[in-house]
Number of protein chains: 2
Amino acid sequence: MNPIQQPQIDALRALLGDARVLTKAIDTLPYGFDGTAALSAEAGCVVFPTTTAEVAACLRIATDARVPVVTRGSGTGLSGGSVPVAGGMVLCLNQMDRVLELDAANLTIRVEPGVITQKIDELAAEQGLFYPPDPGSQKISTIGGNVAENSGGLRGLKYGVTRDYVMGLRVVLADGEVAWLGSGCVKDVAGYSLRDLFIGSEGTLGVVTEVLLKLLPRPAARGTMTATFASMEAAAQAVSDIIAQRIVPCTMEFLDQTTLRCVENYARIGLPTDAAALLLLESDGSQSAVDEELAAVRRVLEASAALRVETAASEEDAQRLRTARRAAFSALARVRPTTILEDVTVPRSRLAEMVRHIGAVAERHALQIGVFGHMGDGNLHPTFLTDERDADEMHRVELALDAIVEKTLELGGTITGEHGVGLAKKRFLPQQFDDASFALLGRIKQTLDPQGLLNPGKIFDMAPAGQS
Amino acid sequence: MNPIQQPQIDALRALLGDARVLTKAIDTLPYGFDGTAALSAEAGCVVFPTTTAEVAACLRIATDARVPVVTRGSGTGLSGGSVPVAGGMVLCLNQMDRVLELDAANLTIRVEPGVITQKIDELAAEQGLFYPPDPGSQKISTIGGNVAENSGGLRGLKYGVTRDYVMGLRVVLADGEVAWLGSGCVKDVAGYSLRDLFIGSEGTLGVVTEVLLKLLPRPAARGTMTATFASMEAAAQAVSDIIAQRIVPCTMEFLDQTTLRCVENYARIGLPTDAAALLLLESDGSQSAVDEELAAVRRVLEASAALRVETAASEEDAQRLRTARRAAFSALARVRPTTILEDVTVPRSRLAEMVRHIGAVAERHALQIGVFGHMGDGNLHPTFLTDERDADEMHRVELALDAIVEKTLELGGTITGEHGVGLAKKRFLPQQFDDASFALLGRIKQTLDPQGLLNPGKIFDMAPAGQS
């Protein structure tokens, strides 16, 4: 791999014009990191193509000179997946932000990768339709990034994740060839699902330049409920009890006491800061289905160890409670200089055990860890409130992370439920995969990107070309 | 590739015992074909492993001698995907039929590949749970075959297909290595989704020996409705009207007049044989949600060109109507000696156009084509009632197939919605894929099965080893 040189920069300028090729350090600086703590690098140039043909041409210029390429959108990623390679090219797709078609008859929307996630659902809503995936960053994240990371969100319990809504992708391959993967049909089994291989591949197999998404009819009604608990285990048990009753609400989110207090400090919305845990539950569907489901949930909660169960009386009230959950990361991030957001996930029945373990780890290593997340999915976000300038504390963070990951894998969990592996998690990946499946990852990468120039070093380190 | 020889057969007998290795023509005959018309071959041997280790050992014996291997379950496939290679090995997984674990707390079931599809839903039902995919062959098809073909079913409109329920797979790779792909967590984004690459790969990338499936809470109620129409176009329009009202019922199936008459002849259940088309609609969920949805559907149908709309008065009545749809293939298959079941799918909004085209093609080529299928998914099963001994008629069938596929692709459709490519559709596959994505299929196959011994010649013909 080589850093980018003047001849390639000249070629890029000829292709895109001067304004869409940044090379000065002061201009490229904002593209040197993403939402992940303590990871950055200085890109050699940042380019802003606006068409698939331009993306292909940029890739050819890079590939011919063996220059590494990192694709990015808004840079909200939480695993370092869009941190540049020093001296390499950053392909920023923010300016490919056109909505190409909303097809209400077929319940689909076709967009460019730079479209903001929330905008997709807003456009759908205008037609009575619904785009369910709602990652925490939806107001600024791009759909291209969501596809690259297979992003989740707060409605995952009932509606699944980004993968469940991607019908087709236009991708530019490492050699600049353009391929359409997938289908405009709701059912299509022709050939291998290359589309699914690209979803969640974190920019390491190709560059997505167009996304065809499935939409659903918009639920007519939504209801919101909260419950507080004297312990996290009691909250986890309540979630298990709800599922044991064969109820799968749209959303079952939680905040622990640390997070509750930070959010209340930040947003002043009257949260019960004396509770050890707050559950946020939402149901959607027809009004009668919502009423029935929330009544059933309330019965389970009242039979559980819940301290207090409240149903939002108005949409405004519901909005306030949702804000509490959505503000969790921002609120925690204000407390200390460095925020490290974890993303471990365990089978639902092991939640209480995992939560207990995180508490013990925090105590053992004298660390401040707020925990919130998608309890119904078993997806926890232990959030380390720390300071990267304190070497001793960072060492303890490392030890704590190791202990959390070890327990996660022991419980049959995953090192990442929705943030991706990127740079942040790659040292743990071989522990999760068996030898044969880990080797397969490398063989797939070698096949799709033989020179190893697409987002190099993310997910795993590739064997040098020629070896496999 | 070589036919199997005595040394391999001896090795297989030593491994599995004589009773689980068939070599006589009279014994292997039933494994020489599947549910697809006019395709068969004589296997060199049929083996019945019962553990992952035995499957791996069988594969190693085959691979070392470069003997092709075709995996099969019940042989209900409709694209020739489990037709053997002449002289090769058939790996029959029917005896790997253990249910390993039903985990009600995590809403999962773990099974071996030879478990019958319907049994999975029956076991789930005992726990108040639900396995939605219900391919037409569910009473005899195996889950391993469903995974290989990514099977659909009658509930696909609301609940999706097999892929949407597969959380994890144990697979034996071509070299006999064993890999676990996927996760017991409902969210997991660690590494490429190799699991999704294997789902629908039709036995060409490895052998699935264990499947972890997601279950849902079982809907409390179900309602069934039928509507008849004076033309297929009117029925297709009614389906579009329902979706335009943002209603997505569990099921929207249809039968054309040819199919209606055959079913009535076969099952004598009082179907309206004078109608040009019958729609079968089902709604499920809570009782109130079902009542609301069916009422809304009824309003749309009554405003459409429907001749008659009927709601099933009892579960018995509903069962009768479902049987009419489930019996369609069997009923059509009785009419002429050879039944060729097509599986084209188009975006929903192009349904009426596609149905008109099929009628015109049947007339132009003087063929009898019954049409039924999953109208809500745009998935049609034009069914040729023909006789493979009549060379002229078979030539007209070929011409008609070409014309149907051409129109399908022109409308943005797929050559197969749920039956797979196998042998039956492979000549059409390059028309659906662009050059870059078609080349990718071959590169993936080459990576996973470099000798090309796993289900060779299915989906596409592989370039000889060494070329890529």
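**Exercise 1. Find the salt-bridge partner of Arg218(B), then say where each of the two residues sits.**

Step 1: Start with the criterion, a side-chain nitrogen of Lys or Arg within 4 Å of a carboxyl oxygen of Asp or Glu. Arg218(B) meets it with Asp121(B), where the closest N and O atoms are 2.9 Å apart.

Step 2: Place the two ends. Arg218(B) is in the loop between strand S11 (216–217) and strand S12 (221–229) of chain B, while Asp121(B) belongs to helix H4 (residues 117–126) of chain B; the pair links distant parts of the chain, 97 residues apart. Helices (H or I, at least four residues) and strands (E, at least two) are DSSP runs, numbered from the N terminus.

Step 3: Check the cover. Buried means under 20% relative accessible area, exposed over 50%, and partly exposed in between (1.4 Å probe, protein chains only). Arg218(B) is partly exposed at 31% relative accessibility, and Asp121(B) is buried at 13%.

Before going on, some ground rules: this is a predicted model, in which local features need pLDDT of at least 70 and side-chain atom pairs count only at pLDDT 80 or more, while totals for chains, interfaces and linings use all residues. Residues are numbered from 1 along each chain as its sequence is written, chains are lettered from A and ligands numbered from 1 in the order in which they are written, and side-chain values use heavy atoms, with hydrogens and water left out.

**Exercise 2. Work out which parts of chain B are tied together by Arg222(B) and Glu282(B).**

Step 1: The closest N and O atoms of this salt bridge are 3.5 Å apart.

Step 2: Arg222(B) lies in strand S12 of chain B and Glu282(B) in strand S14 (residues 277–285) of chain B, so the pair ties together parts that are 60 residues apart in sequence.

Step 3: Arg222(B) comes out as partly exposed, with 36% relative accessibility. Glu282(B) is buried, with a relative accessible area of 4%.

**Exercise 3. Describe the salt bridge of Arg13(B), then look at the count over all chains.**

Step 1: Arg13(B) pairs with Asp18(B), and their closest N and O atoms are 3.7 Å apart.

Step 2: Arg13(B) is partly exposed at 26%, whereas Asp18(B) is exposed at 55%.

Step 3: Over all chains, the count comes to 69 salt bridges. There is also a network of salt bridges linking Arg163(A), Arg195(A), Asp196(A), Arg163(B), Arg195(B) and Asp196(B).

**Exercise 4. Is Glu149(A) buried or exposed, and how far away is the nearest side chain of opposite charge?**

Step 1: Find Glu149(A) in helix H5 (residues 143–149) of chain A.

Step 2: Glu149(A) is buried yet has no salt bridge, and Lys458(A), the nearest side chain of opposite charge, is 8.7 Å away. For charge signs, Lys and Arg count as positive and Asp and Glu as negative; His and the chain ends are not counted.

Step 3: List the contacts (heavy atoms within 4.5 Å). Leaving aside neighbours within four places in sequence, Glu149(A) touches Ser79(A), Gly200(A), Glu202(A), Glu418(A), His419(A), Gly420(A) and, from chain B, Val189(B).

**Exercise 5. Identify the residues of the negative surface patch and the helices that supply them.**

Step 1: Patch members have over 30% relative accessible area and no salt bridge; like charges are joined within 9 Å, and nonpolar side chains (Val, Leu, Ile, Met, Phe, Trp, Tyr) within 5 Å. The place of a charge is taken as NZ of Lys, CZ of Arg, CG of Asp or CD of Glu.

Step 2: The patch is made up of Asp291(A), Glu292(A), Asp291(B) and Glu292(B).

Step 3: Helix H10 (287–303) of chain A and helix H10 (287–303) of chain B each supply at least two of its residues. Taking one member, Glu292(B) is partly exposed with a relative accessible area of 37%.

**Exercise 6. Pick out what the backbone does at Glu202(B) and Ile459(B).**

Step 1: Recall the background: most residues other than glycine have a negative phi.

Step 2: Glu202(B) isn't a glycine, but has a positive phi of about 55°. Glu202(B) sits in the loop between helix H7 (194–198) and strand S10 (207–214) of chain B and is buried at 2% relative accessibility.

Step 3: Ile459(B) also has a positive phi, near 70°. Ile459(B) is in the segment after helix H16 (435–448) of chain B, buried with a relative accessible area of 0%.

Key:
Accessible areas come from the Shrake-Rupley method with a 1.4 Å probe; for residues, only the protein chains shown count as cover.
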